[in-house]
Structures are given as C-alpha cells and as structure tokens.
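This report describes one chain, beginning with a single helix and its surroundings and ending with the chain as a whole. The sequence and structure are shown below.

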Amino acid sequence: MTVFIDSDNTIGTISPKLHGQFIEFLGSCIYDGIWVGEDSDIPNTRGYRNDVLDVLKQLHPPVLRWPGGCYADTYHWRDGIGPRENRPITFNENFGTFEREDNQFGTDEFLQLCELIGAEPWININLMSGTIQEMRDWMEYCNRAEDTELSRLRARNGHPEPYNVKYWGIGNEVWAGGGNMTARMYMDKYRQFASSMPKFTSSIFEQSPIYAIASGPDTNKPRESVKWTEDIFAELSQYRQPPIHGYDMHFYNWNISDPEDTPTDFTQEGWNRVIHGCLELEDIIQTQSQLVNSGLKYIPQPEGFWDSKLEHVDLIIGEWGNWHYSAFNARPALQQQVSMRDAITTALTLDLLQRNCDKISMACNAQTVNVLNSLVLTDGKDMVITPNYDVFMMYQPHQNATALNVPRQDSQSGAYIFASQKDNRITINITNASMDAAKDVNVVFANDVEIMGMKRLESDDPHTCNTFDDPDAIRAYTVNDEFNDGMEFNFHVPAASITVISARIL
Ligand code: AHR
C-alpha cells in the first residue's frame with residue numbers, strides 16, 4: 001500500500017488559529033510559569049520570566065485564551081488592574097490550586113504578553129458571578145479608542161492605545177462548573193450578555209469587530225453533547241438571535257481508568273488507550289459540524305432592518321489535551337510530565353484538526369505552561385521544553401497551507417499521515433504510533449519532487465521525557481537521509497516517532 005499525495009484533492013486552508021494556546025490561573029501555569037514579577041531573582045522582562053518568554057516568542061501562538069477555563073467564571077477583572085501593590089488578595093480554589101491570588105497578572109499583563117509573543121487574545125468573560133455591566137466595562141477598558149473614563153484608566157495604567165481584543169467568550173463549560181445550566185438557562189443569559197456587548201463601530205451598517213463565542217458541549221459525553229447542541233440551536237430558533245460567531249467545544253483525552261498508569265510509567269495497553277482516545281475527537285467534530293449545520297437551517301432569518309442574519313457559526317475546540325489520572329493529586333496542581341506518548345497524541349490531534357480545517361476554525365491546547373498537556377515546565381529558576389513544544393514547532397509550516405485529502409492512515413504500515421501544500425511546497429507528517437515497531441511508508445507524489453528537509457522527534461524508550469536534569473532527552477532533530485529527486489519515496493520511521501518532511505514540487 002502506498003500513500004498518494006494529490007495536490008488537486010484539497011480540503012481547505014489551515015487556519016493558524018488551529019495551533020492556539022490556553023493559559024489559566026491554575027497550579028503554576030501563570031504564576032511561576034509565566035509571571036514572576038519584576039523583583040524576582042528569576043531573570044525577567046517587566047515581570048515575565050525571560051526563558052519562557054523566549055520560547056513563547058519562537059512558538060508565536062496565533063491565539064491565546066485567558067483567564068479560564070473555570071477560573072473565568074469567578075474572575076473580576078478590576079481586581080487585576082492598576083498599581084500592583086494595591087490589588088486585592090483573593091483566593092483560588094480551582095482544581096486543587098488552593099492558594100492566595102494576589103492578582104499581579106491581570107488584563108494589562110495578559111494583553112501585553114500577547115503583544116510580546118504575537119498572539120491574538122481571546123478573553124473569556126465572567127458569566128457566572130459577573131454582570132453585564134462588568135463585561136461591558138472590561139470590553140470598554142480593552143478596546144475603547146474614544147476618550148472615556150475607562151479608556152483614560154487604561155492610559156493611566158500604561159496603555160493609551162486600545163488593545164482591540166476581538167475574541168470574547170461568554171461562559172465556560174456552562175453545563176458543569178460554569179453554572180450547571182440547561183441549554184435554555186444558558187441561552188437566556190447568553191442572549192442578554194451577547195446583545196449587550198459594545199459594537200465599537202459608529203455605523204449601524206458596519207459589522208462589529210467583536211467575535212462572540214458561546215459555550216459548546218462536553219464532547220467527552222457523546223450522547224449529551226448531541227443533545228446540548230440540538231437544544232442550543234432549538235433555543236436559537238425561538239427568538240431574535242443574539243450575536244454568536246463561535247461555538248466552543250472542549251475535548252480532554254481522559255486517561256483515568258487505570259490509576260497505576262502515570263505520564264511516565266505505562267504499559268502497552270495504556271499506550272494504546274491514550275493513542276486511540278485522542279482520535280475520538282475526529283468523529284465528534286464530524287457529528288457536531290453536522291448538528292450545527294442542520295440546526296442553522298431551522299433558524300428563521302430576521303426580516304427586521306436591524307437584525308443580522310445567522311447563517312454560519314464557527315466550530316472551535318477551546319480546550320484539548322491529555323489529562324492523566326495523576327494530575328488530580330499533582331502539586332503544583334494539574335502539572336504532569338510529557339512523554340513521547342503525549343507528543344504522539346499532540347501530533348495526531350493537530351493532524352485531525354488540520355484535516356478538518358473546513359469544519360474547525362480555532363483550537364487551543366490545554367494548557368501552555370505547567371498544566372496538563374504542557375509545552376513548557378518550570379521549577380523555580382529552571383525551565384524545560386516538553387516534546388509537545390517541538391511538535392507545535394515542527395507543525396508550523398502547515399499554518400495557512402492547504403490541507404490535502406490523503407488517507408488518515410497508511411493501511412499497510414498503520415502509520416498516520418497528514419499532508420498540506422503551500423505554493424510548490426508540500427509538508428507531510430508521518431506519525432508512527434506503534435510503541436515498539438519501526439515502519440516503512442511509501443509515498444507517491446503526482447509530480448517529481450525534491451526532498452528539502454526532514455525533522456524528527458523520537459525516543460528509544462517511549463516513556464522518556466525531558467527533565468530538569470536531562471532537558472534535551474527528546475528534542476526534534478534534522479534527519480540527514482539522502483534522497484534522489486523523484487515521484488516515489490520510501491520513508492523508514494522508527495517506533496513512537498513523528499517525522500515532518502518538506503518536499504518541493506519541481
Ligand atoms: O484546563 C483545566 C480545566 O478543564 C478548565 O478550567 C476547565 O474549563 C476544564 O474543565
């Protein structure tokens with residue numbers, strides 16, 4: 001069996017925003033992980049630790065979601081602005097974090113981090129314990145260019161220019177920690193919040209630059225998630241439609257059935273469970289995309305002069321990643337190591353998001369630093385890059401490329417394949433998800449190509465991870481195999497490895 005790469009068989013353009021990230025006030029994701037404060041012994045730039053800042057700059061995440069997650073639903077943004085010494089002390093009880101929260105990292109620190117690393121911000125508002133006025137004020141503070149009390153306050157806090165935040169989430173997992181709501185309860189609230197958002201445009205004919213994101217289903221519960229989406233769209237069809245641009249589903253690859261299985265100690269069975277678990281997201285995307293499209297058909301389009309039509313809603317995966325059992329008892333909260341098993345599922349998840357780029361508009365890895373499926377781990381002054389970071393870096397050439405329609409799996413070898421094309425450059429990923437067997441994959445192109453380069457992430461032992469003592473145990477490296485130009489190539493890929501090949505059409 002051979003994988004045929006056909007440039008004419010395309011799916012769509014891969015939005016860079018499929019490579020998004022998520023940071024929240026949990027464990028040491030933000031404090032210690034990103035923010036140490038200006039007076040820290042840890043080298044920093046205006047309070048952001050330099051080592052993490054440097055790797056985030058190289059990563060250049062296209063979108064960064066904050067402040068939660070669950071945390072967003074009890075967060076009052078005014079606690080986190082102004083002189084840091086005057087900020088109130090609150091308490092964070094989320095997911096075992098259980099510590100004082102001195103609000104040193106707030107709206108300006110987050111938005112200036114986004115500026116430093118070139119990420120577009122996504123702010124989730126407080127739907128549960130916040131008010132509409134609080135949300136409006138937050139948006140005014142961030143975005144109002146005109147001279148107002150809140151734009152003056154922003155200027156006094158060091159940022160006269162508006163931040164122009166486009167993405168605003170209304171509610172987080174509202175079916176659980178975000179209020180335990182029914183679809184009807186949520187839509188009643190959503191309607192009021194979404195239609196109260198400032199528009200930031202002077203013309204009633206001009207579209208508002210604001211992009212409102214609704215809370216989608218818990219996709220880890222397939223039956224309930226179908227009902228959730230059906231109910232949400234049934235609600236939407238009843239009254240005037242509020243602005244809704246994105247629909248945010250969350251998917252965790254739960255690895256909690258075997259308490260003995262840890263991020264660094266697992267059996268072949270545990271390996272298989274986690275690898276296959278991540279692939280379930282693909283069916284969920286197909287199902288939810290169909291549900292949203294058929295739900296939209298029943299939305300009566302408004303006749304009123306003022307109302308805008310609701311013909312399309314973007315699907316978003318606002319949180320995804322592996323969640324191992326040990327994370328529940330971890331200190332700092334939710335910290336887990338990242339082995340080759342996690343790197344493989346990160347690669348396969350990015351593959352499936354890219355392959356469904358005609359259905360998914362944005363996605364955020366949960367979370368960037370020190371929490372769950374991390375790209376970076378810190379401990380005091382030390383920092384280590386996880387293999388997940390290398391996967392995201394290796395996948396950068398797919399951003400803005402056209403996804404090609406190739407079979408997900410090479411049926412002979414069993415290796416997973418993804419390919420995209422930008423101009424005359426084709427990028428192919430081959431992920432060998434076997435724990436112990438190397439594989440040969442035969443790739444045939446429609447034209448002669450030159451193999452321009454190849455990067456690989458692998459480890460002799462799939463349990464290996466980067467530690468503070470051995471920070472480069474698994475790092476991507478350049479493969480120097482020599483290939484003649486041609487149409488057909490055999491790639492020999494080691495067990496538990498990810499290979500990204502760059503080919504130029506001649
Ligand atoms: O990412 C950790 C938590 O997982 C988030 O706060 C919440 O949205 C989800 O349940």
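In this predicted model, the buried residues of α7 are covered by elements that include α6 (222-236), β12 (246-255), β13 (314-324), α8 and β14 (360-366). The buried positions of α7 are W271, V274, I275, C278, L281, I285, Q288, L291, V292 and G295. Residues three or four places apart on an α-helix point the same way, because such a helix has 3.6 residues a turn. Spacings of this kind occur in the helix: W271, V274 and C278 are among its buried residues, as are L281 and I285, and Q288, L291 and G295.

How far apart are the end C-alpha atoms of α7? They are 46 Å apart, which agrees with the 44 Å that the 30 residues of α7 should span at 1.5 Å a residue.

Next, the division of the chain. There are two domains, domain 1 (15-398) and domain 2 (416-505), and their C-alpha centres lie 31 Å apart. Where they touch, domain 1 contributes 29 residues and domain 2 contributes 26 residues. On the side of domain 1, at least two residues each come from α7 (268-297), α8 (340-355), β16 (382-385) and α9 (387-394). The greatest share of that side belongs to α8, with 9 residues. Thus α8 both helps cover the buried residues of α7 and gives the most to the side of domain 1 that touches domain 2.

The ligand has a shell consisting of E24, G68, G69, C70, N172, E173, E319, A366, Q367 and L372. Two elements that cover α7 also reach this shell: E319 lies in the range of β13 (314-324), and A366 ends that of β14 (360-366).

The class make-up of the ligand shell and of the domain 1 side of the contact is set out here.

| Residue set | Nonpolar | Polar | Charged |
|---|---|---|---|
| Shell around the ligand | 3 residues | 4 residues | 3 residues |
| Side of domain 1 that touches domain 2 | 15 residues | 7 residues | 7 residues |

Finally, the whole chain. It has 9 helices and 23 strands. Its C-alpha trace spans about 65 × 60 × 45 Å along the principal axes. The radius of gyration is 23 Å, which agrees with the value near 23 Å for a compact globule of 506 residues. Buried residues account for 48% of the 506 residues. Of the contacts between residues at least 6 apart in sequence, 76% join residues at least 24 apart.

Terms used: Residues numbered from 1 in each chain as written. Predicted model: local features only at pLDDT ≥ 70, side-chain atom pairs only at ≥ 80, totals over all residues. Domains from an automatic or database assignment. Contact = placed C-beta atoms within 7 Å. Helix = DSSP H or I, 4+ residues; strand = E, 2+ residues; numbered from the N terminus. Nonpolar A, V, L, I, M, F, W, Y, C, P; charged D, E, K, R; others polar. Rg over C-alpha atoms; globule rule 2.2 N^0.38 Å. Buried ≥ 20, exposed ≤ 12 C-beta atoms within 10 Å, placed from the backbone. Near = placed C-beta within 6 Å. Expected span 1.5 Å × (residues − 1).
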